[in-house]
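Work through two short exercises on the structure shown here. Each has a task and a stepwise solution.

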Amino acid sequence: MKKNVLKISIFDKYIFKQVLMATLVCLLLFIIVWIAPETLVKAIKKIFTENLPIIDAVKILVYELPIVLGKAIPVGIFLGSLFTFDKLSKNSELSILRGIGLSFNRIMAPVLVLGVALTFLCFLVSDKMIPHVAKIKGEGARYNKHFVYIQKNEKQIPTRGVIISNFTDKGIKNLIVLNFSNEKYDDAMTFKSILFAPEAILKDDCWLLPTAKEYTINKNGIYTDIKNIKNYKILEGKLAGDVHQMIVNSTRKERYFTTAELGKYKDILKEQDFTDEYNYTLAKFYQRYLHPLTCILFAAIGCLLGFSPPRSQRLIGFTVAVGMIFAYYITLPFFDLMAQKGAMPPFLAAAFPIFAFFVSIFVIKKVKDL
């Protein structure tokens, strides 16, 4: 009996091929709908207004494909399985397959196999393709955003503030270093000196300021001396690399990280006690593994929604499918925010949609009595 269950039959090949073709068509339509309104129009506009070469315009479209694929693959298998099983139901083919002794779970088996394959593809797109394309495009190569880091001692008392006005992934420009004193005035920290430096050089064990101008400040908040200093060290030890990684990654979108980079970044945020950023990044790290699983769940749900008696109303299944897809992608930012603000544990925020879809499979099977 077990051998018959695992044996690949002609029915498995037929259903697999039908769902695969429908999925590819849905992927193509999704990509066209996603790219056409903005990216395609932007590329065409640049061709005529900026004399952009055709080859460069094509590159713009190609570079956009991995980002679209990350969202399109789960949607494609969902609609592909739904369309295929709806057609099989309409042609009474599912009734025939069940009539010869095949259970609905057995009929779904080739679709779930396709879902597993697309799960790995979806993860590969997120983990490798999108970050690689981002590097080719130079995403995040230059930034014009302030970054502030407050260094604290073991008692969590601020000892130094570093304000960076301009930075790239290769250099740090225009720094202000605030050295806090042990004196307090009206419950506020005071400074013992302020430094202005045009640049900082990242060393293995520190940030080196080749030249800087230091303003010495007394306890009354009045500067008493100005002097030029050279080779001033800040953020010494492991802190030097960690803060630099925080600066470079602070403006990068989550999708431009590889999974390994995202894991290292969340660890740095945790160590530096950036709670909100850590919770958000941790939720995204979990999503990197959980999001591809929607391919399997959507494949199963599509099969269930597509199954119906030959003369029944079919609009309901497609309406429910579109509603579930819309609800999933529209609520992702909400769960990210819940995780970031600590209102929900990061893993629960990332896993809740997956759990909801898993439960919906049993609910649909119960309603359809399969």
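The exercises below cover a helix pair and the cysteines.

This is a predicted model, in which local features need pLDDT of at least 70, side-chain atom pairs count only at pLDDT 80 or more, and totals for chains, interfaces and linings use all residues. Residues are numbered from 1 along each chain as its sequence is written, and side-chain values use heavy atoms, leaving out hydrogens and water.

**Exercise 1.** Determine how the axes of H3 and H9 cross.

Solution.
- Locate the helices: H3 spans residues 54–90 and H9 spans residues 294–306.
- Take the axes, lines fitted to C-alpha atoms over the stretch in contact. They come within 7 Å and cross at roughly 25°.
- Classify the angle. H3 and H9 are therefore roughly parallel (angles under 35 degrees).
- Add the hand: H3 passes H9 in a right-handed crossing, the near helix being turned clockwise from the far one by less than a right angle.
- List the contact (heavy atoms within 4.5 Å). H3 contributes residues including Ile73, Phe78 and Asp86, and H9 residues including Cys295, Phe298 and Leu305.
- Sort by class: 13 residues are nonpolar, five polar and one charged.

**Exercise 2.** Explain why Cys26 and Cys122 lack a disulfide bond.

Solution.
- Search the whole structure: zero disulfides turn up. The criterion is a pair of cysteine sulfur atoms within 2.5 Å.
- Check Cys26. Its closest cysteine sulfur, in Cys303, is 13 Å away, too far for a bond.
- Check Cys122. Its closest cysteine sulfur, in Cys295, is 4.5 Å away, also too far.
- Compare burial (under 20% relative accessible area, 1.4 Å probe, protein chains only). Cys26 is buried at 18%, and Cys122 is buried at 0%.

Methods:
Axes fitted to C-alpha atoms, helices over the stretch in contact; angles between N-to-C directions. Helix = DSSP H or I, 4+ residues; strand = E, 2+ residues; numbered from the N terminus. Parallel < 35°, antiparallel > 145°, perpendicular 65-115°, else oblique. Nonpolar A, V, L, I, M, F, W, Y, C, P; charged D, E, K, R; others polar. Buried < 20%, exposed > 50% of the residue type's maximum accessible area, 1.4 Å probe, protein only.
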